[in-house]
Amino acid sequence: MVKLDRCKWMAACSQQDSVDLTEAKRIKRLKVDYSPPLLLNIGLALQPLFTWSLSNTSSTVHFVHSLPLVQAPSLDFLIPALVLLSAQAACREQCEKSKEFESPTHPVTELQGMAVVAGLVQFSVGLSGLSGALLARCGPLILTPVLCIMGFSIYREAALLCSDHWGLALLTVVLLVFLSQHLRSCSLPACLKLSQYPLFSMFSVLLSMLLVWAVCAILFRYGYIRPHSVPELLLKKTNFSTTQIQDWDVPNSSSQLFTDPTIPWLNPPLPGLGLPLLSGRSIAAGVAAGLSSSLSSQAVYVLTAQLLKAPTPPAQACNRGLSMEGLGSILAGLLGAPVGLCSSVANACTLGLSQCGSRGTVQLAGVMLLILGVFLRLTQLLTSIPLAIHGAVLSMTYTVATATGITYLQYTDVDSGRNIFNTGFTVFMSLVLPRWFRMHSDFIYTGEPSLDIFLQSCLMLPVFLVSFLAFFLDHTVSGTLCERGFEQDQDTKKIRSLADKQHRASQSQEGMYQPPKLVRRVLGLPGLRIVPFFACSSPDVEKIVETSPEMSSLLPQ
């Protein structure tokens, strides 16, 4: 009997050791300085390409905040752009009725001006240090509704894209769930070199998209399906007229799955419509887009750090990251892009599905994106992915943001009436108000078109609205530090978030968020250190390192 119990105990210990070893390997893959093999790195770098990203990724990751993030357009730019286009259409209609002369300017040039203004706002917020200061005052009760709304805000667009073909969208979702969750612990046979990696979960997004894309191409070849474009989906959903759709210059949907041989291979990204137009309307929309994208990027920084089991980014890293995103938006507007850039929620959530947060992978993806921007034929190949696949991937990735936001409630008093009201009120109102103002676009009328565009854009942006409401209620409704998810350090007397406490000793902020040594020497000059953007370290980080010298031996070298 004793021998049998001892055998059971030894079997349980060996099983626990194998689980601990698997968890240790998973945590190692989550670190940003982790370097996977070359072939594995190339495959992982292809996933951001299929989940839409842009070109200032490599410089931002390497020189700025060091998080494995990519930059892409988002709803923070799309909603103000739609408000601006609506104002342009109303202005043209009014000029036609009154028979007034209107200068023949292309509508996209005003959108380019909006992107430039949004980039200036992002750069100013980062340069002044305002972004880092605000993030330091955001606790779990602010991050929870913000991250939840970031996930919920895309459901209308995701459903519209999935309506292209619900069968393909369902197949993509099933494959993503099966590969990322059910097969997350499975690996290849031991005879292969990559047997130690859970390739099914690491490539869950890429494999799902490629498999469904191949199925779609076969069905399209034999005439069983017909993919649609976004204007065609809007025509099916709303009451748009056929003439309106024709005015949008919609490409022929029958050729979307295959490249056009008439398109040239090499096409350098040069501005084609001239300089951006800075009008009162574009400035108003750009300010709203810049403020909302700044708040969204801060939330994505926190989301990525939480998924990587890393400390919350310090103020100086957030300031540098937002300033670099602002420069990217300015450059995008000058080169002819109608929208700017901010940190991509979809690519950040892909880290949670792939369980690999290598910084080198994202840098390699940035180099690939630069190549795609020059070779137009390759870019068209990626744009031929059916919209149903994009909708399914959006539905899966944005759920990670919502679920991560819910996990922050564990650091607060979830039974507190104050917390219940604040969280429920901010989430509900941030979903209701944008929809109501979208249905009543003519409700706001101050007599000044620029002010109308700014107010309507802000009230239709869910991330801006939830950030304002959550920050206002958390700092005005009375509550204890423990109730709000904070604690006061006994040594430094500083108030810190409980959410960052468990990750503070796992990876040092100095090794996680510091730029390369050469960049630190330049940014450490006495004349530059006073500017928040150029700061390489903060006094808080230095104090933590000095008061905890015994932890330095436990950190990975």
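This is a short selection-by-selection tour of a predicted model, from the whole chain down to single residues.

**Stop 1: the whole protein**

Start with everything shown as cartoon. You should be looking at 26 helices and four strands. Colour by relative accessibility and 48% of the 557 residues come up as buried. Switch to a surface view next: the accessible area is about 27500 Å², and carbon and sulfur atoms account for 67% of that. If you like contact maps, here is one number to keep in mind. Take the contacts between residues at least 6 apart in sequence, and 83% of them join residues at least 24 apart.

**Stop 2: the largest cavity**

Now for the inside. How many cavities of 30 Å³ or more does a search of the whole structure find? There are six. The largest has a volume of about 160 Å³. To land on it, select L44, P48, L351, C356 and V362, which are the closest to its centre among the 16 lining residues.

Add helix 2 (38-50), helix 16 (345-354) and helix 17 (359-374) to the selection, since each of these gives two or more residues to the lining. Which element contributes the largest share? That is helix 16, with five residues. Colour the lining by class and you get nine nonpolar residues, seven polar ones and no charged ones.

**Stop 3: T361, on helix 17**

Stay in this area and pick T361, which sits in helix 17. Is T361 buried or exposed? Its relative accessible area is 6%, so T361 is buried. Show its surroundings, skipping residues up to four places away in sequence, and you'll find T361 touching P36, N41, L44 and A45. L44 should ring a bell: it was one of the residues closest to the centre of the largest cavity. For a distance label, draw a line between the C-alpha atoms of T361 and G43; it reads 8.9 Å, for two residues 318 apart in sequence.

**Stop 4: the second largest cavity**

Next, select S74, L75, D76, M150, S153, I154, S296, V345, Y398, L461, P462 and V463, the lining of the second largest cavity. The space in there is about 130 Å³. Helix 4 (75-98) and helix 22 (462-476) each supply at least two of the lining residues. How does this lining divide by class? Eight residues are nonpolar, three are polar and one is charged.

**Stop 5: V146, on helix 7**

Move to V146, placed in helix 7 (residues 140-152). With a relative accessible area of 6%, V146 is buried. Leaving out residues up to four places away in sequence, V146 touches A299, V466 and S467. Put a distance label on the V146 and S467 C-alpha atoms: 6.0 Å, although they are 321 residues apart along the chain.

**Stop 6: V230, on helix 12**

Helix 12 covers residues 230-237, and V230 is found in it. V230 has a relative accessibility of 35%, so it counts as partly exposed. Which residues is V230 in contact with, leaving aside neighbours within four places in sequence? The partners are L161 and L387. Between V230 and L161 the C-alpha distance is 7.5 Å, with 69 residues separating them in sequence.

**Stop 7: an aromatic cluster**

Turn on the rings. The count of aromatic pairs comes to six. Zoom in on F437 and F443: their ring centres are 6.1 Å apart and their planes are at 65 degrees, so this pair is edge-to-face, the label used for angles over 60 degrees. Add W436 and you have one aromatic cluster of W436, F437 and F443.

Colour the two phenylalanines by accessibility while you're here. F437, at 10% relative accessibility, counts as buried, whereas F443 is exposed at 54%.

**Stop 8: a backbone oddity**

Finish with a backbone check. Select K309, in the loop between helix 14 (280-307) and helix 15 (315-334). Its phi is positive, about 55 degrees, although K309 is not a glycine. As for the surface, K309 counts as partly exposed, at 33% relative accessibility.

Notes. Residues are numbered from 1 along each chain as its sequence is written. This is a predicted model: local features need pLDDT of at least 70, side-chain atom pairs count only at pLDDT 80 or more; totals for chains, interfaces and linings use all residues. Side-chain values use heavy atoms; hydrogens and water are left out. On a 1 Å grid over the protein atoms alone, a cavity is a set of points where a 1.4 Å probe fits but cannot get out, and a pocket is an open set with protein on both sides within 12 Å along at least five of seven lines; lining residues have an atom within 4 Å of a point. Grid points are joined across faces, edges and corners, and a volume is the space filled by probe spheres set on the points. Ala, Val, Leu, Ile, Met, Phe, Trp, Tyr, Cys and Pro count as nonpolar, Asp, Glu, Lys and Arg as charged, and the others, Gly among them, as polar. Buried means under 20% relative accessible area, exposed over 50%, partly exposed in between (1.4 Å probe, protein chains only). Contact means heavy atoms within 4.5 Å. Accessible areas come from the Shrake-Rupley method with a 1.4 Å probe; for residues, only the protein chains shown count as cover. Rings of Phe, Tyr and Trp (its six-membered ring) pair if their centres lie within 6.5 Å; planes under 30 degrees apart count as stacked, over 60 as edge-to-face and the rest as tilted.
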